[in-house]
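User: Please give a close reading of one part of this protein, the sheets, and then set them against the buried interior. A connected account would be preferred to a list.

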Amino acid sequence: MRDIGHFIGGKAVKGTSGRSSDVFNPNTGEVQAKVALASVAEVEQAVANAEEAQRVWAAVNPQRRARVMFKFLELVQKEYDDLARLLSSEHGKTFADAKGDIQRGLEVVEFACGIPHLMKGEHSDSAGTGTDLYSLRQPLGVVAGITPFNFPAMIPLWKCAPAIACGNSFILKPSERDPGVPMRIAELFLEAGLPPGVLNVVNGDKVAVDALLDDRRVKAIGFVGSSDIAEYIYAKGCANGKRVQCFGGAKNHMVIMPDADMDQAVDALIGAGYGSAGERCMAISVAVPVGEKTADLLVKKLIPRVESLKVGPSNDPQADYGPMVTKALLNKVKSYVDAGVKEGAKLLVDGRNFKLQGYENGNFIGGCLFDHVTPDMTIYKEEIFGPVLSVVRAKDYEEALRLPSDHEYGNGVSIFTRDGDTARDFSNRVNVGMVGVNFAIPVPLAYHTFGGWKRSGYGDLNQHGPDSIRFYTKTKTITQRWPSGTKEGAEFVIPTMA
Ligand code: NAD
């Protein structure tokens, strides 16, 4: 059995707290590794290493820092398949989907390769007599990222690549459920030329997170995970004077207008609702057909598609999706389906009793489809995070627009229509952070920013894209006058350039 410790000061180290957590094989339910849970002292050790390394790293010029990013990309390419296999074996997503997880992370590393350009400040020549005004972007120091289980490559890379490229050192606290890939990422960065201590991985739970929140040397924290924890980290981090951004849960709607290409909409719903067993923060979990005719047609087409979803072990290339990450999440998803039935929603496809021959102890669940879900039901209000799609019938466009706008989450939303006016109106008015038009999972590419609204996102700046550079740097503005020898005597009024 593998023992996973931490990665501190450029090397893998064993945990010393005496506490650990099981890492399961979601296909079989067996424990495949033990991951150490850090103590406060271990976190403090990592922060001390990071602080020392950062002073040197910040002085490395941005072009050289970019070269480390380029080299890292090259190294990952060489072991892409091995990384994807490791990821899928701990998470349960299919091999093809695991490769996508890595790919979306690498795109942010590619973005970070442009750091010499991205960190350029602004310059105003001759703002006054002999006076120039300019600004610099400088790193914050030691920063930390706390990441969820569902994208164990992508989200750690979204966090650490821009932070490191900006000249910070980074402490990653990945999910204790699938820590294998984050550990390998740290080793590969070291191999790519990153000085020891610039990227550290501290495995752990609330103890490690609280230690990071309480440590005055940690200047910024980026979190991705469920909303209750996001709120807690945001409040505590801000109270402790840190820069904080927290991204939380989601309930993403897809509106299907009567004029939509129905086959295209059904394809999109099947992929976005059930891919990765619904364990995506941008998964579509609510379909909102507009008008009874649209709803009847949508449901008629969805039923056979959900019934014929191929659920298989994560290494089956034919599988549409694999097992849930843990038995605990599987049971939680099933209890949501029970609640939906109890509250009166119509369960059209019931995947609760799905069993996979040869994998009876795996965390598998078949696709579930509800119709006649209403906004007062638990399955509508709360995030399920499983392969469960709820159809909420809207009588007209305005009602369909109100549903995602009024929901407490506001991560992603999408509309399927052939009408440009409707799509434009929807995009402008909907109260949600990321919008897709005839596009089910509108995760922006690396050079734009990613972030939800309401309970899906806390903080002023989004992830990746230009916002990530703003988040991981502070601006210094310099007013300089040359020649300095102008003799005007003491000035007692506020200097103006007038
Ligand atoms: P989670 O909130 O359980 O865990 C996220 C991180 O917080 C982990 O590193 C975990 O160890 C840590 N953590 C857990 N409990 C803690 C506590 N009490 N105090 C301090 N830290 C704690 O989330 P998860 O189950 O790993 O991931 C799924 C959730 O993440 C879903 O809600 C999903 O929507 C959300 N998510 C959001 C985005 C986004 O960008 N908005 C992206 C991916 C996932």
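Analyst: The account below takes the three-stranded sheet, then the seven-stranded sheet with its helices, and then the buried interior.

The model is a predicted one. Its smaller part under discussion is an open sheet of three strands, ordered E6-E7-E23 and paired in the antiparallel sense. Strand E6 (123-128) and strand E23 (473-481) form its edges, each pairing on one side only. On average, neighbouring strands in this sheet are turned by 25 degrees against each other, direction ignored.

The two pairings of this sheet can be followed residue by residue. E6 and E7 run antiparallel and are joined by three bridges; within this pairing, His123 stands opposite Tyr134 in E7. The hairpin formed by E6 and E7 has two residues between the strands, and in that hairpin Gly130 adopts a positive phi near 60 degrees. On the other side, strand E7 (residues 131-139) pairs with E23, again in the antiparallel sense, over nine bridges. Two positions illustrate the register: Asp132 lies opposite Gln480 in E23, and Leu133 has Thr479 of E23 as its bridge partner. As a general rule, side chains in a regular strand alternate between the two faces of the sheet.

From the hairpin glycine one may turn to another glycine, Gly145. Gly145 and Gly130 are separated by 15 residues in sequence, yet their C-alpha atoms are 44 Å apart in space. Gly145 belongs to strand E8 (residues 142-146). Its relative accessibility is 0%, so Gly145 counts as buried. Leaving aside residues up to four places away in sequence, Gly145 touches Phe170, Ile171, Leu172, Lys173 and Gly222.

Asn200, in strand E10 (residues 199-201), shares part of that environment. Among the residues that Asn200 touches, not counting those up to four places away in sequence, are Phe170, Ile171 and Leu172, together with Phe7, Ile8, Gly9, Ala46, Asn49 and Ala50. Asn200 is a polar residue with a relative accessible area of 0%, and because buried means under 20%, Asn200 is classed as buried.

The second sheet is also open, with seven strands in the order E15-E16-E17-E14-E13-E19-E20 and mixed pairing. Strand E15 (346-349) and strand E20 (434-437) each have a single partner strand and stand at the edges, so one side of each lacks a neighbour in the sheet. Here neighbouring strands are turned by 20 degrees against each other on average, direction ignored. At the E20 edge, strand E19 (residues 412-416) and E20 run parallel and are joined by four bridges; Ile415 stands opposite Val437 in E20.

Two helices lie across strands of this sheet. Helix H14 (residues 397-406) crosses strand E13 (252-256), strand E14 (284-289) and E19, and runs at about 170 degrees to E13. Helix H15 (residues 420-429) lies across E13, E19 and E20, at about 165 degrees to E19.

The interior can now be considered. The largest nonpolar core comprises 67 residues, and those with the most contacts inside it are Met69, Phe72, Ile102, Leu106, Ile164, Phe170 and Phe189. Helix H6 (residues 154-165) makes the greatest contribution to this core, with nine residues. The core also draws at least three residues from each of domain 1 (2-248 + 456-478) and domain 2 (252-437). Phe72 shows how one of these residues is surrounded: apart from residues up to four places away in sequence, Phe72 touches Leu106, Val109, Leu157, Ile185, Leu188, Phe189 and Ala192. A second core, separate from this one, has 64 residues and includes Ile256, Val311, Ile384 and Ala400.

A final point concerns the cysteines. A disulfide is a covalent bond between the sulfur atoms of two cysteines. The structure holds zero disulfides. Cys281 has a relative accessible area of 17%, and since buried means under 20%, Cys281 falls within that class. Cys368 is likewise buried, with a relative accessible area of 0%.

Conventions. Residues numbered from 1 in each chain as written. Predicted model: local features only at pLDDT ≥ 70, side-chain atom pairs only at ≥ 80, totals over all residues. Heavy atoms only, no water. Core = buried A, V, L, I, M, F, W, Y, C linked by side-chain atoms within 4.5 Å. Buried < 20%, exposed > 50% of the residue type's maximum accessible area, 1.4 Å probe, protein only. Domains from an automatic or database assignment. Contact = heavy atoms within 4.5 Å. Pairing = 2+ DSSP bridges. Axes fitted to C-alpha atoms, helices over the stretch in contact; angles between N-to-C directions. Disulfide = S-S within 2.5 Å.
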